[in-house]
Amino acid sequence: MAVVDDPLERLLTPAALADPSAVYADLRDNSPVYWHQGIDSWIVSRFDDCLLVMKDDARFACDERRFEGTASQSVGVPAELLSLQSLDPPESGPLRSLLGRGLRAQMTRDFERRLAARVERAVDRRAGREFDFVAEFTVPVVLGSIEEILDVEPLEPSWFSGVADAVTAAMDSPLRPELHEPGIAARGVLSEMVEGWFSRPPSGGLLGYLAKNGDSATVDRRVLINSVRAVLHAGYESMSSLVNLAMAALLEAPGGLAALPSGRGEPAIQELVRFTSPVRIEGRIPLADTVIGGQRISAGSFVTMIIGAANRDPARFERPEELDLARTDNPHLGLGRGPHACIGMQLALTQARIIFATLARLRPRAALAGRPEYRGTATIRGIDRMVVTFD
């Protein structure tokens, strides 16, 4: 059942998809902690409250199995959903350590050079004409990057994008229940593909590392397969969303790509993550009665954090609605915190830094040729189409 003037539904209106700041402000100012009947969950949107829930895994669980008798929407955890994303410490410890080491092993100078070369080729092919940045730049660059990280043969872009999009859409299933089953099926397709890769693992990349270093005594093979599927999906969808949203934000700001600072660019990339918040909703389950923002929350209730709103909270960030590429005091939540912080955080930041440094060097006068078409999803914010010109 829908809530009257529901802020979550308003996040999906065309105006809020393009600029959610007004909805974020309304949530923080007027409903910082409120019960949403439609999804049977508490909604929190202030920075301090979201940070508390993210970091305190002793009180707030990702893994529903830690609380028997959770709220009414809990129907058990399907096998397809058991992955590093859903497991909590200490169970997640060995798996998180293994995947973290494997991803760090891919962060080489050669990888950075090949990524820069991939960006250069994508730019050269589209010089002097209008083109869809999403389909013709982001998809080949980001998909090629995750294929290299895993060390797998090229995937068919339109097929893979369709499956990945179904997984992304299903993250909105509390609002759109009809998306749940297609999302489970899509996860199964990707897990089956990953299982096939593990049956004939390459010698290099993340898959090769896991094949050589995985310890079946401490890491369940099915959960490992699902976790690599999650790395594949996030490495494509979340990274694509960041690249597209950051490009739109830069081209809509004074100076465009030329405004990016030269040299060490991580503060600018961190600010782009904060400002765009591609992953803007996360959830947890309180394991005991607790208080958030002065509101008593019962054990077993769901808590949904609006990360995008927290990242624009004026109680924590100066001039939060301003894209400040020199911002240094920037403890944003866009890459998570605590035991569920993004496992590929440094790899993602490195990729974004190289992509935008290369774009700024080669096409500093790139421009939008029309308004971006934003994706109608709440959990992962994204862009479906964005026409750009490279002079």
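Okay, salt bridges. How many salt bridges does the count come to? The count is 28, and keep in mind that everything I show today is from a predicted model. The general idea is easy to picture: side chains of opposite charge can pair when their charged atoms come close.

Let me walk you through three of them. Start with R114 and E148, whose side chains meet in a salt bridge at 2.5 Å, N to O. Find R114 in helix 6, residues 109–124, and E148 in helix 7, residues 133–150; they sit 34 residues apart in sequence, so this pair ties together separate parts. Is R114 buried, exposed or something in between? With a relative accessibility of 41%, R114 counts as partly exposed.

Next, go to R385, which forms a salt bridge with D132. Here the closest N and O atoms are 3.7 Å apart. This pair links distant parts of the chain: R385 belongs to strand 11, residues 383–385, D132 belongs to strand 4, residues 130–132, and 253 residues separate them. Look at how the two partners sit, too. R385 is partly exposed at 38% relative accessibility, whereas D132 is buried, with a relative accessible area of 10%.

Third one: R274 and E271. Their side chains meet in a salt bridge of 2.8 Å, N to O. Both are in helix 12, residues 266–276, and since they are three residues apart, about one helical turn lies between them. So where are they, inside or out? R274 is buried, and its relative accessible area is 0%. E271 counts as buried as well, at 0% relative accessibility. And while we're on this topic, D165, E237, R375 and D384 are joined into one network by salt bridges that share partners.

Now zoom out to the whole chain. We have 14 helices and 12 strands. If you lay the C-alpha trace along its principal axes, it spans about 60 × 50 × 35 Å. Does the overall packing look compact or stretched out? Well, for 391 residues a compact globule would have a radius of gyration near 21 Å, and this chain comes in at 20 Å, which agrees. Then there's the contact pattern: taking contacts between residues at least 6 apart in sequence, 73% join residues at least 24 apart.

How much of the chain is buried? Buried residues make up 55% of the 391. As for the outside, the chain exposes about 16,500 Å², and carbon and sulfur atoms supply 52% of that.

That takes us to the inside. As a rule of thumb, in soluble globular proteins nonpolar side chains tend to be buried together. In our model the largest nonpolar core has 99 residues. The residues with the most contacts inside that core are F133, F137, M247, L257, F356 and L359. Which helix gives the most to this core? Helix 11, residues 221–252, does, with 17 residues.

Click on L359 if you want a good view of the packing. Leaving out residues up to four places away in sequence, L359 touches V119, V123, F133, F137, M247, L257, P364 and F390. Apart from this core there's another one, of 17 residues, with M54, I297, I307 and F317 among them.

Last stop, the sheets. Strands of a sheet pair through backbone hydrogen bonds, either parallel or antiparallel. One open sheet here has five strands in the order 1-2-8-5-3, and the pairing is mixed. Its edge strands are strand 1 and strand 3, residues 60–61, and each pairs on one side only.

Let's step through part of that sheet. Strand 1, residues 33–36, runs antiparallel to strand 2, residues 41–44, and four bridges join them. V33 stands opposite V44 in strand 2. The two strands form a hairpin with four residues between them, and D40 in the turn has a positive phi of about 50°. Further along, four bridges also join strand 5, residues 281–286, to strand 8, residues 302–306, again antiparallel. There, I281 has I306 in strand 8 as its bridge partner.

There's also an open sheet of three strands, ordered 4-12-9, with antiparallel pairing. Strand 4 and strand 9, residues 367–368, are the edges, each pairing on one side only. Strand 9 pairs with strand 12, residues 387–389, over two bridges, and A367 has T389 in strand 12 as its bridge partner. And remember strand 4: that's where D132 sits, the salt-bridge partner of R385.

Technical notes:
Residues are numbered from 1 along each chain as its sequence is written. This is a predicted model: local features need pLDDT of at least 70, side-chain atom pairs count only at pLDDT 80 or more; totals for chains, interfaces and linings use all residues. Side-chain values use heavy atoms; hydrogens and water are left out. Two strands pair if DSSP finds at least two bridges between them. A salt bridge is a side-chain nitrogen of Lys or Arg within 4 Å of a carboxyl oxygen of Asp or Glu. Buried means under 20% relative accessible area, exposed over 50%, partly exposed in between (1.4 Å probe, protein chains only). The radius of gyration is taken over C-alpha atoms; the globule rule is 2.2 Å times the number of residues to the power 0.38. Contact means heavy atoms within 4.5 Å. Accessible areas come from the Shrake-Rupley method with a 1.4 Å probe; for residues, only the protein chains shown count as cover. A nonpolar core is a set of buried Ala, Val, Leu, Ile, Met, Phe, Trp, Tyr and Cys residues joined through side-chain atoms within 4.5 Å.
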